[in-house]
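This report describes one protein chain, beginning with its overall make-up and then turning to a few individual residues. Please keep the sequence and the model in view while reading.

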Amino acid sequence: MGKQHLPDRESETALYLTHENDVDDPRYQQFVSPITEAILSQITSDKIGLDFGAGPGPVISKIITEKGYQTKLYDPVFYPDNSVLIQQYDFIICCEVIEHFHQPAIEFARLKSLLKADGKLFCMTQLFDEGIDFAKWHYKNDITHVFFYHRDSLKFIQQQFAFSTVDINQRLITFTN
């Protein structure tokens, strides 16, 4: 896709600000529960994580912090602290983020470099499959959703970036370093 077809930062930010991202909203907490449950069951609380693309309401970080976990926040708009991008993490959270990547290869290379050996990258997005009528698919109507993933593309990413495994469980995707 040419850059002329991608939304600019101001348009993206304006749309993000219309989302209801109240960290105390039980519906929002339920929506992100595939990632929070995966972290709580697979990662010990002494490990340090990065919430990459945390957005204005970093609900996953709030939930797991209340359970004794430590995370750092990064978001190019809402938490633009590049200093958190110079260390490695035991786990990385990318909840409803990867579909916003204008340059997925660059972003996955960055995420891979930020992940410690045996670390986990927890992503959540809606996957495209052959059973979806793209013209009627609501997920593509968000102008900030510029890249869509299929099971095959996730396996390609695993191989291309040398993740040891990729586990796909509906909208939860877990890459292991």
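Helices and strands are here DSSP runs, of at least four residues for a helix and at least two for a strand, and they are numbered from the N terminus. On that basis Gln170 belongs to the loop that lies between strand E5 (165-169) and strand E6 (172-176). The model is a predicted one, and every value below was computed from it.

**Overall make-up**

The protein chain contains 6 helices and 6 strands, which follow one another along the sequence in the pattern α-α-α-β-α-β-β-α-β-α-β-β. Of its 177 residues, 47% count as buried, and the chain exposes about 9,400 Å², of which carbon and sulfur atoms supply 52%. Among the contacts with a separation of 6 or more, 66% are made by residues that are 24 or more positions apart.

**Two residues with positive phi**

Most residues other than glycine have a negative phi. Against that background, Gln170 has a positive phi of about 60° although it is not a glycine, and Glu96, likewise not a glycine, has a positive phi of about 55°. Both are loop residues: Gln170 sits between strands E5 and E6, whereas Glu96 lies between strand E3 (89-95) and helix H5 (104-114). Is each of them buried or exposed? Because buried means under 20% relative accessible area and exposed means over 50%, Glu96 at 18% counts as buried, while Gln170 at 67% counts as exposed.

**A buried aspartate in a loop**

Asp25 is found in the loop between helix H1 (9-16) and helix H2 (26-31), and with a relative accessibility of 14% this residue counts as buried. Asp25 and Val59 are 34 residues apart in sequence, and their C-alpha atoms are 9.0 Å apart in space.

**Cysteines**

How many disulfides does a search of the whole structure find? The search finds 0. For a pair to count as a disulfide, the two cysteine sulfur atoms must be within 2.5 Å, and the distances for two cysteines are set out below.

| Cysteine | Nearest cysteine sulfur | Distance |
|---|---|---|
| Cys94 | Cys123 | 4.8 Å |
| Cys95 | Cys94 | 9.1 Å |

Neither Cys94 nor Cys95 is therefore in a disulfide, given the 2.5 Å limit. Cys94 is buried, with a relative accessible area of 0%, and Cys95 also counts as buried, at 16% relative accessibility.

Methods: Residues numbered from 1 in each chain as written. Predicted model: local features only at pLDDT ≥ 70, side-chain atom pairs only at ≥ 80, totals over all residues. Heavy atoms only, no water. Buried < 20%, exposed > 50% of the residue type's maximum accessible area, 1.4 Å probe, protein only. Contact = heavy atoms within 4.5 Å. Areas by Shrake-Rupley, 256 points an atom, 1.4 Å probe, with all protein chains shown as cover.
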